Amino acid sequence: MRLVASAAAAIVAGIGMTAASTSPAVARTGDGNCEKTELCVYDSYGQKTNEGYYDLRGGHKNFHGMNWFRGDHGNIGDDISSVKAGSNPDCQGWTIWQHVNYKGYSFHIAKGVKFDFTGGYAWMYNEASSLEKWRC
Ligand SMILES: [Ca+2]
Ligand SMILES: [Ca+2]
């Protein structure tokens, strides 16, 4: 169903199938390259790549096996402190959750935004454990 939906979305967006088939490989999650389709998460405030970052796409029930690029190379679970959302996600954005399997408290991250988990978002500081696509 997801493939069918993606194809339909591509047609609606006016992207020709020829162009799609000749474009570079689909962005890969966890390859250390934060692409427009991805949510980049960071170990520190202020989206500091050199202090630890990771590229996610959504649909991650847990962050097992995902470790920071650069920084301390620790697991990203319970350690995300700021985010930068790609401008062209699969859906309207993401929902980030406190616990694995999309449980606990959560909030939405709209495409194209970046912010620190401070102020009204401080309750998610070093807490997030799963990431879902939002408004597909
Ligand atoms: Ca990537
Ligand atoms: Ca952190």
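Colleague: Let me start with one residue: in which loop does H73 lie?

Modeller: H73 lies in the loop between β2 and β3. Strands here are DSSP runs of E with at least two residues, helices are runs of H or I with at least four, and both are numbered from the N terminus. Please keep in mind that this is a predicted model: local features need pLDDT of at least 70, side-chain atom pairs count only at pLDDT 80 or more, and totals for chains, interfaces and linings use all residues. Residues are numbered from 1 along each chain as its sequence is written, while chains are lettered from A and ligands numbered from 1 in the order in which they are written.

Colleague: Thanks! Why is H73 called exposed?

Modeller: A residue is exposed if 12 or fewer other C-beta atoms lie within 10 Å of its own, buried if there are 20 or more, and partly exposed in between, with C-beta atoms placed from the backbone. H73 has 10 C-beta neighbours inside 10 Å, so it counts as exposed. Its phi is near 60°, a positive value in a residue other than glycine.

Colleague: And why does D78 count as partly exposed?

Modeller: D78 has 14 C-beta neighbours inside 10 Å, and therefore falls in the class between exposed and buried. D78 too lies in the loop between β2 and β3, and has a positive phi of about 60° although it is not a glycine.

Colleague: What elements make up the protein chain?

Modeller: There are 2 helices and 7 strands. From the N terminus on, they run α-α-β-β-β-β-β-β-β.

Colleague: How do you know that β1 and β3 pair?

Modeller: Two strands pair if DSSP finds at least two bridges between them. Strand β1 (residues 39-42) and strand β3 (residues 82-85) have 4 bridges in the antiparallel sense, so they meet that condition. In this pairing, C40 stands opposite K84 in β3. On to another partner: β3 and β6 (residues 114-116) pair in the antiparallel sense over 3 bridges, with F115 as the bridge partner of V83 and D116 as that of S82.

Colleague: Which sheet do these strands belong to?

Modeller: They belong to an open sheet of 4 strands with the order β2-β1-β3-β6 and antiparallel pairing. β2 and β6 are the edge strands, each pairing on one side only.

Colleague: What makes β5 and β7 edge strands in the sheet with the order β5-β4-β7?

Modeller: That open sheet has 3 strands with antiparallel pairing. β5 (103-110) and β7 (130-134) each have a single partner strand, so one side of each is left without a neighbour in the sheet. Strand β4 (residues 93-99) and β7 pair over 5 bridges, and W97 stands opposite S130 in β7.

Colleague: What makes a set of residues a nonpolar core?

Modeller: The set consists of buried Ala, Val, Leu, Ile, Met, Phe, Trp, Tyr and Cys residues joined through C-beta atoms within 7 Å. The largest such core has 24 residues, of which L39, V41, Y53 and V83 touch the most other members. β1, β2 (53-56), β3, β4 and β7 each supply at least two residues of this core; the largest share, 4 residues, comes from β1.

Colleague: Which residues is V83 in contact with, leaving aside its neighbours within four places in sequence?

Modeller: Contact requires C-beta atoms, placed from the backbone, to lie within 7 Å. On that basis, V83 is in contact with L39, C40, V41, Y42, I109, K114 and F115.

Conventions. Two residues are in contact if their C-beta atoms, placed from the backbone, lie within 7 Å.
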